[in-house]
Amino acid sequence: VDNEPHDMATRGDRLDGLADSDAQRVRCTLARTNAYKTRGEFAAVVELAQAALPLAGADAELQVLVRSELGGGLSMLDRHEEALPHMQGALAWLDVHGSELDRATAHGELAIALDNSGRLDEALPHHHKAYELSRRLGEIPLLGSASGNLACNRIDAGDLDAADHALARGQQWLASSDGHQTQAAVLQLLRTLVLASQERYAEALAQVQLALDTTRRFQPIYLPRAQLREAQLWALLGQWGRVNQSLQTVAPMLPESGWAPRLMHAVLQLQLARLGVGDADAAWRAMEQLREEIGPHIRPDLRLPLRIELAARLSPDEAWIELDTMAREALRLGHRGSAMAAWVRAAGLPSIAVPRAKAAAEAALDLWQKGVRSVNLAPAETWLHIGHGLRTAGDARYQALWREGAARLRHVAAEQVPEPFRDSYLRRQPLHTTLLRTAS
């Protein structure tokens, strides 16, 4: 089937005309849906698959093929709850009758749909199954995808050690074979995020340089993401001139870059504005626009962090209610990283009642002590804001927490921050200067 819209429709109609049975018509439809998938026209995929489903009749294999296409198309349109019954039904048959390749693909696609529906814990075994089947097949592209998807699941769950393990393993697989540079960029960008959140800054800088090189050479559509990921690192290191330069470079490409880069850009722009450089009003407008586009139900990996950021516009009491609500929703969805971020921010709010400060600080501290870490917080925020909440509640543990945080900052500066950036890391990152001051 040709790849021009008019030709695709005309040739598809011609194929349908040659079919002399419902089964043949279904297979013709599947050829058409495949062509539309290559163009990213998933609404057309869904429409065709829905029309083909009754024609598949009692033929179990045809039913599975059509339901796989329908589920995949719905998932790509962020209609995950509609997609799941089709994907689960297809997988039940494939696990018995399908090839290992079909099963690996189906488990991976179902895992992503479950993740995007906010069912992280339910998705996890499917991520592991997709990886294991891909490993047995020796399918390097599938191994790269399975590793990256598993890492995303663990990042949202707040398990950064597991995420880093999955990404390192995926990078080893991709390095064992040539020709997978587009996948390499995704893993490099994810690993940069994880390493930065683990305060492994020298490694994170090396990863983001790889990502910049890979995206420039092989996948320029992801270049703005790589530039913004680098800007996030510069912000943590107190290199605000570099942050500002990156935001200006990315701005012309931002409208076509997707939701995640637009949120990254707005958050960084707001951080600059707090230093008297960026445009706070533009950042807030961008976030409000994103909230409208994403809506209240899909993509909890973006929706929850976005609402946590927007809470800063509210009064302290209103912000506490919003953040506590977000934290509880995040926990229900398995997004423990976002729950941690919400309660840490709630603990740091000024002028809130003692019971609220204590509740947020204790909830955040409990998650932190269980090993939960959030990529949506600067590492120093945890020490600083939980300590603030404990102090508001009259809990003397805040002193030890702040001292421990300050000692951690100095250790990281000496061991993990490249020498040219150590001074700015300690003296030009406001969170760091505040933590060092409060601990003294």
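**View 1. Helix α10 runs from residue 181 to residue 197 in this predicted model.** Its 17 residues reach 25 Å from the first C-alpha to the last. That is close to the 24 Å expected at 1.5 Å a residue. Helix α10 is mostly covered, with 14 of its 17 residues buried. Just after α10 comes Glu199, which takes a positive phi of about 65°.

**View 2. Helix α11 spans residues 201–218.** Its end C-alpha atoms are 25 Å apart. This agrees with the 26 Å that its 18 residues should span, because the expectation is 1.5 Å a residue. Buried residues in α11 are Tyr201, Ala204, Leu205, Gln207, Val208, Ala211, Leu212, Thr214 and Thr215. In an α-helix, residues three or four places apart point the same way, because there are 3.6 residues a turn. What covers the buried residues of α11? The cover includes α9 (160–175), α10, α12 (223–236), α20, α21 (397–415) and α22 (422–427).

**View 3. Tyr425 and the largest nonpolar core.** This core has 70 residues. Those with the most contacts inside it are Tyr201, Leu237, Val243, Trp343, Ile386 and Tyr425. Leaving out residues up to four places away in sequence, Tyr425 touches Glu199, Tyr201, Leu236, Leu237, Leu409, Val412, Ala413, Val417 and His432. A second core, separate from this one, has 23 residues, among them Val64, Leu91, Leu110 and Leu114. In soluble globular proteins, nonpolar side chains tend to be buried together.

**View 4. Aromatic pairs in helices α19, α20 and α21.** The structure holds four aromatic pairs. One of them joins Trp368 and Trp383 edge-to-face, 4.8 Å centre to centre, with 85° between the planes. Trp368 lies in helix α19 (residues 354–369) and Trp383 in helix α20, so this pair links distant parts of the chain, 15 residues apart. Both tryptophans, Trp368 and Trp383, are buried. Tyr398 and Trp402 form another edge-to-face pair, 5.1 Å centre to centre, with 80° between the planes. Both Tyr398 and Trp402 sit in helix α21, four residues apart, about one turn of the helix. Tyr398 and Trp402 are also buried.

**View 5. Trp259 and its surroundings in helix α14 (residues 259–273).** Is Trp259 buried or partly exposed? Its relative accessibility is 22%, so Trp259 counts as partly exposed. The side chain of Trp259 makes a polar contact with the side chain of Glu293 at 3.0 Å. Beyond neighbours within four places in sequence, Trp259 is in contact with Asp78, Leu290, Glu293, Ile294, Ile298, Arg299 and Leu302. Arg303 is 44 residues from Trp259 in sequence, with a C-alpha to C-alpha distance of 10.0 Å.

**View 6. His385 in helix α20 (residues 379–392).** His385 has a relative accessible area of 15%, and therefore it is buried. The cut-off is under 20%. Outside its neighbours within four places in sequence, His385 is in contact with Val344, Ala347 and Gly348.

**View 7. Cysteines Cys28 and Cys152.** How many disulfides does a search of the whole structure find? The search finds zero. Cys28 counts as buried because its relative accessibility is 12%. Cys152 counts as partly exposed because its relative accessibility is 31%.

How values were computed:
Residues numbered from 1 in each chain as written. Heavy atoms only, no water. Disulfide = S-S within 2.5 Å. Buried < 20%, exposed > 50% of the residue type's maximum accessible area, 1.4 Å probe, protein only. Helix = DSSP H or I, 4+ residues; strand = E, 2+ residues; numbered from the N terminus. Contact = heavy atoms within 4.5 Å. Polar contact = N/O pair within 3.5 Å; in protein donor to acceptor, adjacent residues only side chain to side chain. Expected span 1.5 Å × (residues − 1). Core = buried A, V, L, I, M, F, W, Y, C linked by side-chain atoms within 4.5 Å. Phe/Tyr/Trp six-rings, centres within 6.5 Å; stacked < 30°, edge-to-face > 60°.
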